[in-house]
Amino acid sequence: MAVTYAWRGGFGDEELNALHAEGFGHPAGRTAWRERVGRHSLGWVCAREDGVLTGFVNVAWDGGVHAFLLDTVVARHRRSLGVGAALVGTAAEHARAAGCAWLHVDFEERLAPFYFGACGFRGTAAGLIAL
């Protein structure tokens, strides 16, 4: 079955909470995702296979030229098959179309081959304060 990608695609909080839990290895939460992304995001990309949510990425932004990838997640059975890279590529295309000049992402070191290799990001100097 083919995977389809939709910018600002429809999704339910329950299905995204389940996908997020599977992808990040925690119990399913009760996050109000629709409210959250509707309030804070430039957009998001949903990947679906036969109607089932199999991938998601959120694109937050500063209201100007900087967009930020958050919560990139792909169902286990679809990992390493290009779904994540297609999510990020679709997000980049739509952020560019919205006038953004930069797409930022931070990630765990183990994900460097994905973001630098499959998605085309390059390393930059950055800083972080744990709050």
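## A tour from the β3–β4 pair outwards

Begin by selecting Val 59 together with Leu 69, which is its bridge partner in β4. Keep in mind throughout that what is on the screen is a predicted model. If the selection is now widened to the two whole strands, β3 and β4 are seen to run antiparallel, with 6 bridges joining them.

Next, bring in the rest of the sheet, which is open and made of 5 strands in the order β1-β2-β3-β4-β5, with mixed pairing. At its edges stand β1 (3–7) and β5 (102–104); each has a single partner strand, so one side of each is left without a neighbour in the sheet. Looking along the sheet from one strand to the next, one finds that neighbouring strands are turned by 25 degrees against each other on average, if direction is ignored.

Now add the helices, starting with α2, residues 33–40, which packs on the sheet and touches β2, β3 and β4, its direction making about 135 degrees with that of β2. Then select α3, which lies across β1, β2, β3, β4 and β5 and runs at about 155 degrees to β4.

With α3 still selected, turn to the side chains of the largest nonpolar core, which has 17 residues; those that touch the most other members are Val 57, Val 59, Leu 69, Val 83, Leu 87 and Ala 91. Two or more residues of this core come from each of β2 (41–49), β3 (52–61), β4 (66–74) and α3 (83–97), and the greatest contribution, 5 residues, is that of α3.

Which residues is Ala 91 in contact with, leaving aside its neighbours within four places in sequence? Centring the view on Ala 91 shows Trp 7, Val 45, Val 57, Val 59 and Leu 69 in contact with this residue. Apart from this core lies another, of 11 residues, including Phe 11, Cys 46, Leu 53 and Val 73.

The last stop is helix α1, residues 13–24, where a distance between the end C-alpha atoms offers a simple check: at 1.5 Å a residue, its 12 residues should span 16 Å, and the ends are 16 Å apart, which agrees. Within α1, select Leu 16, Asn 17, Leu 19, His 20 and Ala 21, which are buried, and then display what covers the buried residues of this helix, which includes α2, β3 and β4. Finish at Gly 25, which follows α1 and has a positive phi, near 70 degrees.

Key:
Residues are numbered from 1 along each chain as its sequence is written. This is a predicted model: local features need pLDDT of at least 70, side-chain atom pairs count only at pLDDT 80 or more; totals for chains, interfaces and linings use all residues. Side-chain values use heavy atoms; hydrogens and water are left out. A nonpolar core is a set of buried Ala, Val, Leu, Ile, Met, Phe, Trp, Tyr and Cys residues joined through side-chain atoms within 4.5 Å. Buried means under 20% relative accessible area, exposed over 50%, partly exposed in between (1.4 Å probe, protein chains only). Helices (H or I, at least four residues) and strands (E, at least two) are DSSP runs, numbered from the N terminus. Contact means heavy atoms within 4.5 Å. Two strands pair if DSSP finds at least two bridges between them. Axes are lines fitted to C-alpha atoms, for helices over the stretch in contact, and angles run from 0 to 180 degrees between N-to-C directions. The expected span of a helix is 1.5 Å times one less than its number of residues.
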